[in-house]
Amino acid sequence: MPGHHRKIVLAIADGLRPDAITERSMPALASLIAQGWSAPRATTVRPSTTMAALGSLATGVEPRAHRLVVPAMRRLPAPRGIRPLPAALRRLGVPTTVIAPQLSPRARWLAGALLRLAGVSRTRFGPTGSARLGELAARHLGGNNRREFVVLYLNEADLAGHSWGWMSPGYFRALAALDQAMASLAPFAGDPETLVIVAADHGGGGVLPREHDHPHPANDAIPLALLGGQVSQGVASLPVRLLDVPPTVLHGFGGTPPASYQGRVLHEAFVRETAWV
């Protein structure tokens, strides 16, 4: 089936501001973005928190619909009328693998519960550093030929932002490690059967230097780039949102986004569109 992706990789760079991506600070990612299609200032969801954004990536809907908003939640709300992306992919015979750093016991329990709720097939908790997580993801991708949706979650920039402030020297040190992870994904960005999506969940430092949840352009703007052999080279001319990722992923595997999804398929990012048969 021409145009059908065998693998789609979603690399989530937690807390990565689009104005922090330069040839000096992140040469590998800047080079990849220049070769692909990008929306340099896409917008995340409100509130601009990690759990709210990840919930939207998993369900395709705004936080007010999925209600997964704060990490301290003791009871997970039951989604109604929502078809999580991994569950929709499973119906197409496509499993979802999540690769993430080691988390605290509480965070790991919550993450596991959320992933099971969404229908994720496999979770691999690896080392804490972005560079080593990127290497783990590259080995995983190169070690099998099956159809698969792989989510790589990298939180080093977010941790640095909370510790030292967004756009601080400590933040840019974390970006250097994050860029090494992007370099590990570079070989897959030219594969015509693989689609690599790089996105952040939120920015940061817009109101308070070490926070990101207040309404502010620096908190709400995120980078979003599509890379791969079927992706056209260029910059988005239409508004792009984080919510556009789930329908684009489902479409990339030959599926039809559910009516509940609130984003759109980024058709303009691809060299040609194929009618699925």
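This report describes a sheet, a helix pair and a nonpolar core.

The model is predicted.

**The sheet**

Eight strands make up an open sheet with mixed pairing. Their order is 4-3-5-1-6-7-2-8. Strand 4 (122-126) and strand 8 (234-235) are the edge strands. Each has a single partner strand, so one side of each lacks a neighbour in the sheet.

Strands pair through backbone hydrogen bonds, either parallel or antiparallel. Two pairings involve strand 7, and the table sets them out with one bridge from each.

| Strand paired with strand 7 | Sense | Bridges | One bridge to strand 7 |
|---|---|---|---|
| Strand 2 (residues 37-43) | antiparallel | five | T43 with A221 |
| Strand 6 (194-199) | antiparallel | five | V198 with A225 |

Strand 7 spans residues 221-228. Is this strand mostly covered or mostly open, and how many of its residues are buried? Strand 7 is mostly covered, with eight of its eight residues buried. On one side sit A221, P223, A225 and L227. On the other sit I222, L224, L226 and G228. Both faces are covered.

**Helix 1 over the sheet**

Helix 1 covers residues 27-35. Helix 1 lies across strand 2, strand 6 and strand 7. Its angle to strand 7 is about 65 degrees.

**Helix 1 against helix 8**

Two packed helices are described by the angle and the distance between their axes. Helix 1 packs with helix 8, which spans residues 169-185. The angle is about 45 degrees, and the axes are 7 Å apart. The two helices are therefore oblique to each other.

Which residues meet here? Helix 1 brings P27, A28, L29 and L32. Helix 8 brings D179, M182 and A183. Of the residues in this contact, six are nonpolar, none is polar and one is charged.

**The nonpolar core**

In soluble globular proteins, nonpolar side chains tend to be buried together. The largest nonpolar core here holds 75 residues. Which of them touch the most other members? They are L16, F149, M182 and L226.

M182 links several parts of this account. In helix 8, M182 is one of the residues that meet helix 1. Beyond its neighbours within four places in sequence, M182 is in contact with A11, L29, L32, L154 and V198. One of these, V198, has A225 in strand 7 as its bridge partner. L226, also on the list of core residues, is buried in strand 7.

Technical notes: Residues are numbered from 1 along each chain as its sequence is written. This is a predicted model: local features need pLDDT of at least 70, side-chain atom pairs count only at pLDDT 80 or more; totals for chains, interfaces and linings use all residues. Side-chain values use heavy atoms; hydrogens and water are left out. A nonpolar core is a set of buried Ala, Val, Leu, Ile, Met, Phe, Trp, Tyr and Cys residues joined through side-chain atoms within 4.5 Å. Buried means under 20% relative accessible area, exposed over 50%, partly exposed in between (1.4 Å probe, protein chains only). Contact means heavy atoms within 4.5 Å. Axes are lines fitted to C-alpha atoms, for helices over the stretch in contact, and angles run from 0 to 180 degrees between N-to-C directions. Helices (H or I, at least four residues) and strands (E, at least two) are DSSP runs, numbered from the N terminus. Angles under 35 degrees count as roughly parallel, over 145 as roughly antiparallel, 65 to 115 as roughly perpendicular and the rest as oblique. Ala, Val, Leu, Ile, Met, Phe, Trp, Tyr, Cys and Pro count as nonpolar, Asp, Glu, Lys and Arg as charged, and the others, Gly among them, as polar. Two strands pair if DSSP finds at least two bridges between them.
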